[in-house]
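Got your viewer open? Let's take a walk through this one, a stop at a time.

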Amino acid sequence: MAGGWRVLRDACVAGAFAAMAWSAQAQGTAPLKEVTFLLAAPPGELAFAPFMLAQTRGYYAQEGLKVRWIAVHGGAAVGKQLAAGNGDIGDALGDTPILLRNNGVNVKGVALLGGHPLHQFITRADRTIAQASDLRGRTLSVMSYEDTSYYVTLGILAAGKLNKSDVTIYAGGPNGVWQDVANGRSDGLVGTPEWGARVEETGVKVHYRPTDQLTPGMGQAIIASDKKIASDPEMISKFVRATMKAMTEIEADPVAASRAYVGAVPSYADKLDFVTKVLTYYAKYVFPSRLRPGEFDPAIVAHVQKSYVDKKVVRAAQPVESLYTNQFIPGK
């Protein structure tokens with residue numbers, strides 16, 4: 001692996017997944033195909049619950065896969081590393097290929113985890129932010145300047161006829177992003193629902209707004225490079241199938257999924273209420289879709305790309321069909 005990776009060491013990732021490890025030997029089956037999956041943040045983030053549950057319930061192993069998890073710093077970094085050949089598949093937003101293909105990074109979405117945006121616009125209740133234009137002179141937090149949350153933030157500002165010079169944007173990392181809101185350094189954040197829940201755990205009240213109320217966006221996605229899609233479509237199909245199975249189980253019964261999650265992840269063993277609150281939010285407001293689980297809507301992809309172009313986040317539109325593929329969606 002390239003020395004310049006901003007990677008949380010494998011040991012950190014392995015520790016979070018230790019209780020969920022599966023092996024060919026343990027199941028008495030043929031050797032599993034090893035797959036390297038790049039996460040956009042540490043594996044303990046509840047946004048990754050579909051992956052973790054698919055792992056602990058053996059869905060990847062049932063497909064003949066043994067997944068190695070590596071965390072990098074944001075979805076854009078995931079895409080760049082995949083295009084460079086430093087991983088097989090990874091996690092980002094459905095928006096990410098729009099941002100990267102403009103810069104010659106040839107990745108595309110292969111499955112969408114939900115019909116609604118992953119990112120939420122979360123603000124402190126005591127800061128009186130009712131609309132995007134109220135952000136002038138305020139402070140916001142994102143995970144990093146390379147994470148898609150930063151680009152979504154630029155879209156939110158544009159909705160209020162503002163630009164990044166009108167606000168202060170902190171890149172706080174996976175912990176600082178919500179801690180800055182909890183301690184009052186930031187007025188709000190753009191990020192996952194669990195970060196808002198973590199702020200609430202400190203006693204600070206927050207307001208949640210799905211970011212598509214302000215700027216078009218998509219949910220979390222599984223992405224892969226054009227080269228990997230061409231060279232190993234069977235592996236991608238198997239990974240997508242296993243992940244979608246776990247996601248639909250969370251959507252159907254987030255309470256049962258939460259119990260399974262805390263039973264598999266030792267760091268959440270005493271946080272069932274917290275996990276249930278967050279996964280219930282995902283089940284109600286992020287995962288539901290009028291399409292098949294995992295499927296991209298080309299009209300929405302085109303709409304999101306047009307928003308990025310109109311707001312000058314990207315220079316030019318790419319062919320919509322280059323940004324995603326539905327070829328791996330179960331039932332296709």
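**Stop one: a five-stranded sheet**

Start with an open sheet built from five strands, ordered E7-E6-E8-E5-E9, with mixed pairing. Because E7 and E9 (206-210) are the edge strands, each with a single partner strand, one side of each has no neighbour in the sheet. Going from one strand to the next, the twist averages 25 degrees. This is a predicted model, so keep that in mind as you click around.

Now pick out E5 (residues 120-124) and E8 (residues 188-191): they pair in the antiparallel sense, over four bridges. To see one facing pair, select Phe-121, which stands opposite Val-190 in E8. Next, add helix H9 (residues 193-201), which packs on the sheet and touches E5, E8 and E9. The direction of H9 makes about 170 degrees with that of E9.

**Stop two: strand, helix, strand**

Stay with this sheet and select E6 (residues 139-142) together with E7 (residues 168-171). These two run parallel and are joined by four bridges. Which residue of E7 is the bridge partner of Ser-141? Select Tyr-170 and you have found the partner.

Then bring in helix H7 (residues 148-159), and you get a right-handed β-α-β unit made of E6, H7 and E7.

While H7 is on screen, click on Gly-155, which sits in that helix. Is Gly-155 buried or exposed? Its relative accessible area is 3%, so Gly-155 counts as buried, the cut-off for that being under 20%. Leaving aside residues up to four places away in sequence, Gly-155 touches Thr-215 and Lys-311. For a distance to try in the viewer, go from the C-alpha of Gly-155 to the C-alpha of Ile-229: the two are 30 Å apart in space and 74 residues apart in sequence.

**Stop three: another sheet**

Move on to an open sheet of five strands in the order E2-E1-E3-E10-E4, where the pairing is again mixed. At the edges are E2 and E4 (107-113), each of which pairs on one side only. Ignoring direction, neighbouring strands here are turned by 30 degrees against each other on average.

Select E1 (residues 33-39) and E2, which run parallel and are joined by seven bridges. Glu-34 is a good one to click, standing opposite Lys-66 in E2. How many of the seven residues of E2 (residues 65-71) are buried? Five are, which leaves the strand mostly covered.

Over at E4, find its partner E10 (residues 220-225); the pair is antiparallel, with six bridges. Here Gly-109 stands opposite Ile-223 in E10.

**Stop four: the helix across the strands**

Now select H11 (residues 233-252). This helix lies across E1, E2, E3 (89-93), E4 and E10, and runs at about 25 degrees to E4. It has 20 residues, and from first C-alpha to last it reaches 28 Å, close to the 28 Å expected at 1.5 Å a residue. Colour its buried residues if you like: among them are Met-235, Phe-239, Val-240, Met-244, Met-247 and Ile-250.

**Last stop: the annotated stretch**

To finish, select residues 48-257, which an unreviewed UniProt entry annotates as "domain: SsuA/THI5-like". Over that stretch the chain is 42% helix and 22% strand. Its end C-alpha atoms are 13 Å apart.

Key: Residues numbered from 1 in each chain as written. Predicted model: local features only at pLDDT ≥ 70, side-chain atom pairs only at ≥ 80, totals over all residues. Heavy atoms only, no water. Pairing = 2+ DSSP bridges. Right-handed = clockwise from strand over helix to strand, strands pointing away. Axes fitted to C-alpha atoms, helices over the stretch in contact; angles between N-to-C directions. Contact = heavy atoms within 4.5 Å. Expected span 1.5 Å × (residues − 1). Buried < 20%, exposed > 50% of the residue type's maximum accessible area, 1.4 Å probe, protein only. UniProt positions renumbered as here; feature names shortened; annotations may be inferred.
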